[in-house]
Amino acid sequence: MLKKISILILLAAAVFAYAENPLGGQPNKKLIRFGWEDITASSLLQKVKIFEERSPFDGVGILLQGKIPDSKTVVTPRFIFDTKNPWQYEWFQDDVEKLKKVKFTKFTDNFLYASSRPGGADWFDDEAWAVVVNNFRIMARIARETGCKGITFDPEHYAANSKTQFDYSPLTGHSWDETWEKACQRGREVASAISAEYPECKFMGFFWLSYAYDGAMSRNPYEAMAHHAKGLYVAFINGMYDNCGAMSFVDGYEEHGYLSKIPEDYQQIVYRYQKILPKLLTPENRLKYHAKTSLAIAVYLDGYFITPNTTHWNMMPGVPLENVEERFALLTRNMKLAFEAADEYVWIWEERGSFWPRYNMTVHNYKVKLWEQHVPGITEMFRTVKDPRPAAAVRVARKRNTTWFATATLKISTRIGISRRQTDISP
């Protein structure tokens, strides 16, 4: 009898949910963490409970560390384009076993981190690209075996004295057309290797097509890419779509996300993502783009509270860094806008701040601040802003219970269309 009643209750709940919203709800949106501090298999095995309890994240970027036998050399995907040391799966076996032992409860969407450093892999060198493709293959296998959602790829060029990977030069002796096709070929090879090991892999670029959005706005994007610093990245991406299979892609939209300050900035990101960037793809790949790509929004946390006012990364250059309250109010509103704009993920980059104590609270000669001490209430704000119900902001206000936050919340609610009644923050 009790079993029948339980079934009836479940059926009634399902019918009610359908009647209430026959079109279904929005997908749960998640917050992912990246930053200067490397999250490794070892640190997760030791501290995952602390990481999950003290942070608002749904996942983190993980840096693998491979060990070459009889050597002190540590190999990491930060240099996945390094062709001097072809990877072997066994080098990462220790990390694989550790990640399998980690008992995640909140970090459901983790990504293995990779970077295009050191760059300079010759597009026409088959042996060099066999190494790069093999490295991606191993990484995809590890992501699948350890339950990660996929791979995060950083295409940015950092070292001024090293070779870049994605800009075309006629000094190579190859024409633009030849080099474009070769870069497409390498993208196809990488995508085939990844999808063979992990068919449902999510490949998230901190920058994706957004890295060359200005070229997409030209009359002839293909010709524009020949003179663009990331032109061959666009070719590489086209190749990945060619052979993507069941893979999916995420455009992390890094720089424009970092610098978004007003609602119109986020609206512009969505417009460019939907209408402008597909012009960088072949006609057949545009269909795949709309079906297999999602938009993520980036937030540079230091820019709100730590980055000096003299840099363009500072989100409020006219407001002193000591005015944490006003900066917190802006971050709260912008996080709401970021989650509204994103398809599934919003991701945080942090450098001189942390949600948990670190073994070394100094990074690159900077003292690391604990976010919750520097900005009280920030953790709860992140957790609640993902809640699509407008009243979620009330819980943040009651948690902080301060006059300035009451005023800031009311101002924010006006900008995002929440009524005064819904933002009543009296204790």
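This note sets out numbered remarks on the predicted model shown above.

1. Confidence. The structure is a predicted model, with a mean pLDDT of 86 over the chain and 83% of the residues at 70 or higher. Residues 2-19 have pLDDT below 50, and this stretch makes 0 contacts in the model beyond near neighbours in sequence. Residues 409-427 are also under 50 in pLDDT, yet the model gives them 27 contacts beyond four places in sequence. Placement of these two segments should be read with the pLDDT values in view.

2. Overall composition. The chain has 427 residues, of which 52% are buried. Its secondary structure consists of 17 helices and 15 strands. Of the contacts with a separation of 6 or more, 77% are between residues 24 or more positions apart. The exposed surface comes to about 20500 Å², and 54% of that area is supplied by carbon and sulfur atoms.

3. The sheet. An open sheet is built from 9 strands with parallel pairing, in the order E9-E8-E7-E6-E5-E2-E1-E11-E10. Strand E9 (293-295) and strand E10 (297-300) are at the edges; each has a single partner strand, so one side of each lacks a neighbour in the sheet. On average, neighbouring strands are turned by 25° against each other, direction ignored. As general background, strands of a sheet pair through backbone hydrogen bonds, in either the parallel or the antiparallel sense.

4. Strand pairs within the sheet. E5 pairs with strand E6 (residues 150-154) in the parallel sense over 5 bridges, and Leu-112 stands opposite Ile-151 of E6. Strand E1 (residues 30-35) and E2 are also paired in the parallel sense, over 2 bridges. Gly-59 in E2 is the bridge partner of Ile-32.

5. Side-chain directions in E2. Within strand E2 (residues 59-62), Gly-59 and Gly-61 point one way, whereas Val-60 and Ile-62 point the other way. All four of these residues are buried. Gly-59 thus appears both in this pattern and in the bridge to Ile-32.

6. The surroundings of Arg-358. Arg-358 belongs to the loop between strand E12 (353-354) and strand E13 (362-363). Its relative accessible area is 9%, so Arg-358 counts as buried, the cut-off being under 20%. The side chain of Arg-358 makes a polar contact of 3.1 Å with the side chain of Glu-37, and it also reaches the backbone oxygen of Gly-353 at 3.0 Å. Leaving aside neighbours within four places in sequence, the residues in contact with Arg-358 are Arg-33, Glu-37, Glu-350, Glu-351, Gly-353, Val-363 and Val-368.

7. The surroundings of Met-316. Met-316 is located in the loop between helix H12 (302-305) and helix H13 (324-341). With a relative accessibility of 12%, Met-316 falls under the 20% cut-off and is therefore buried. Not counting residues up to four places away in sequence, Met-316 touches Asn-309, Glu-326, Arg-327 and Leu-330. The C-alpha atoms of Met-316 and Gly-303 are separated by 8.3 Å, the two residues being 13 residues apart along the chain.

8. Backbone geometry to check. Most residues other than glycine have a negative phi, and most peptide bonds are trans. Three sites deserve inspection against that background. Asp-70, which is not a glycine, has a positive phi of about 60°. Tyr-253 likewise has a positive phi, near 45°, and is a residue other than glycine. Arg-117 and Pro-118 are joined by a cis peptide bond with omega about 0°.

9. Location of these sites. Asp-70 lies in the loop between strand E3 (66-67) and strand E4 (74-75), and its relative accessible area of 87% makes Asp-70 exposed. Tyr-253 is in the loop between strand E8 (248-251) and helix H9 (254-258); at 0% relative accessibility, Tyr-253 counts as buried. Pro-118 occupies the loop between strand E5 (111-115) and helix H4 (126-145).

Terms used
Residues numbered from 1 in each chain as written. Predicted model: local features only at pLDDT ≥ 70, side-chain atom pairs only at ≥ 80, totals over all residues. Heavy atoms only, no water. Helix = DSSP H or I, 4+ residues; strand = E, 2+ residues; numbered from the N terminus. Buried < 20%, exposed > 50% of the residue type's maximum accessible area, 1.4 Å probe, protein only. Contact = heavy atoms within 4.5 Å. pLDDT = per-residue confidence, 0-100. Pairing = 2+ DSSP bridges. Axes fitted to C-alpha atoms, helices over the stretch in contact; angles between N-to-C directions. Areas by Shrake-Rupley, 256 points an atom, 1.4 Å probe, with all protein chains shown as cover. Polar contact = N/O pair within 3.5 Å; in protein donor to acceptor, adjacent residues only side chain to side chain.
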